[in-house]
Structure formats: C-alpha cells, structure tokens
Amino acid sequence: VIPGTGFVVDGFKHGAHPEARAFFLTHAHADHYGGLSKSWARPLYCSRVTAAVVCLKLGVDPRVVVPIDAGETLEVHGVEVAAV
C-alpha cells in the first residue's frame, strides 16, 4: 500500500490489503496481474487496453474496472491521479 493513500499498485497476489481503498494495474503482464480473477470485486484502475484484457482473459467484472486514458487526470479518494 502506498503510504497515506490506501492505493495498491500491481499488488494482487500478496493477499488481502485491509487498508487498501483502490487498486491500480500498470499493464497486462502476468507478473503484474497475478491474483486477479473473476471474483475480484474492488475498484481497479487501469488503461482501456489493460481493462479489456483483465475482463476478457481473467473474467474480472467490468463494473469494478475504471479505465483511465493516457493523459487523463482524475481524483481517486481525494488524490489526483494522472495516467501516463
């Protein structure tokens, strides 16, 4: 968990993160998305391409996936997040 944010980046296979509020997936490589499955039910922020992969290949429910376009900025739990 990134201190002071409640954000987890590419940390799906290390068990539960009770203090985590939002999860980010940097890209769709198995060493990054390991631990994601169709039972995933927490907010997941990632690119549109990565969103398509985790939904189609891993069965993650698209309702929990929040796609972010490159260059887009959004606020997540009071923190401004920018996709690069």
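**Entry 1: Asp-10 and its surroundings**

Setting aside the neighbours within four places in sequence, I found Asp-10 in contact with Phe-24, Leu-25, Thr-26 and His-32. I note at the start that I am reading a predicted model. I then looked up where Asp-10 sits, and the place is the loop between strand S1 (7–9) and S2. Is Asp-10 buried or exposed? Its relative accessibility is 18%, and because buried means under 20%, Asp-10 counts as buried. I also checked the backbone and wrote down a positive phi of about 55 degrees for Asp-10, although this residue is not a glycine.

**Entry 2: His-32, the partner across the sequence**

Which side chain does the side chain of Asp-10 meet in a polar contact? I found that of His-32, at 2.6 Å. The two residues are 22 residues apart in sequence, yet I read a C-alpha to C-alpha separation of 5.1 Å in space. His-32 has its place in helix H1 (residues 30–33), and with a relative accessible area of 19% I entered His-32 as buried. A second polar contact, of 3.3 Å, joins the side chain of His-32 to that of His-27. When I left aside the neighbours within four places in sequence, the contacts of His-32 came out as Asp-10, Phe-12, Leu-25, Thr-26 and His-27. Leu-25 and Thr-26 thus stand in my list for His-32 and also in my list for Asp-10.

**Entry 3: another positive phi**

I turned next to His-77, where phi is near 50 degrees, a positive value in a residue other than glycine. His-77 is found in the loop between strand S5 (73–76) and S6, and I recorded it as partly exposed, with a relative accessible area of 42%.

**Entry 4: aromatic rings**

How many aromatic pairs are there? The count I have comes to five aromatic pairs. One of them is formed by Phe-24 and Tyr-45, with 5.0 Å from centre to centre and 25 degrees between the planes, and this pair is stacked. The pair links distant parts of the chain, since I find Phe-24 in strand S2 (residues 22–24) and Tyr-45 in strand S3 (residues 44–46), 21 residues apart. Both Phe-24 and Tyr-45 are buried. I also noted that Phe-7 joins Phe-24 and Tyr-45 in one aromatic cluster. Phe-24 was already in my notes as a contact of Asp-10.

**Entry 5: the largest pocket**

For the largest pocket I wrote down about 280 Å³ of space. Its lining is made by 14 residues, and those that lie nearest its centre are Leu-25, Thr-26, Ala-82, Ala-83 and Val-84. Which elements give two or more residues to this lining? I found S3 and strand S6 (79–82). Sorting the lining by kind, I have eleven nonpolar residues, two polar and one charged. Leu-25 and Thr-26, which lie among the residues nearest the centre of the pocket, are the ones I had met before as contacts of His-32.

How values were computed. Residues are numbered from 1 along each chain as its sequence is written. This is a predicted model: local features need pLDDT of at least 70, side-chain atom pairs count only at pLDDT 80 or more; totals for chains, interfaces and linings use all residues. Side-chain values use heavy atoms; hydrogens and water are left out. Rings of Phe, Tyr and Trp (its six-membered ring) pair if their centres lie within 6.5 Å; planes under 30 degrees apart count as stacked, over 60 as edge-to-face and the rest as tilted. Helices (H or I, at least four residues) and strands (E, at least two) are DSSP runs, numbered from the N terminus. Buried means under 20% relative accessible area, exposed over 50%, partly exposed in between (1.4 Å probe, protein chains only). On a 1 Å grid over the protein atoms alone, a cavity is a set of points where a 1.4 Å probe fits but cannot get out, and a pocket is an open set with protein on both sides within 12 Å along at least five of seven lines; lining residues have an atom within 4 Å of a point. Grid points are joined across faces, edges and corners, and a volume is the space filled by probe spheres set on the points. Ala, Val, Leu, Ile, Met, Phe, Trp, Tyr, Cys and Pro count as nonpolar, Asp, Glu, Lys and Arg as charged, and the others, Gly among them, as polar. A polar contact is a pair of N or O atoms within 3.5 Å; within protein, one must be able to donate a hydrogen and the other to accept it, and residues adjacent in sequence count only if both atoms are side-chain atoms. Contact means heavy atoms within 4.5 Å.
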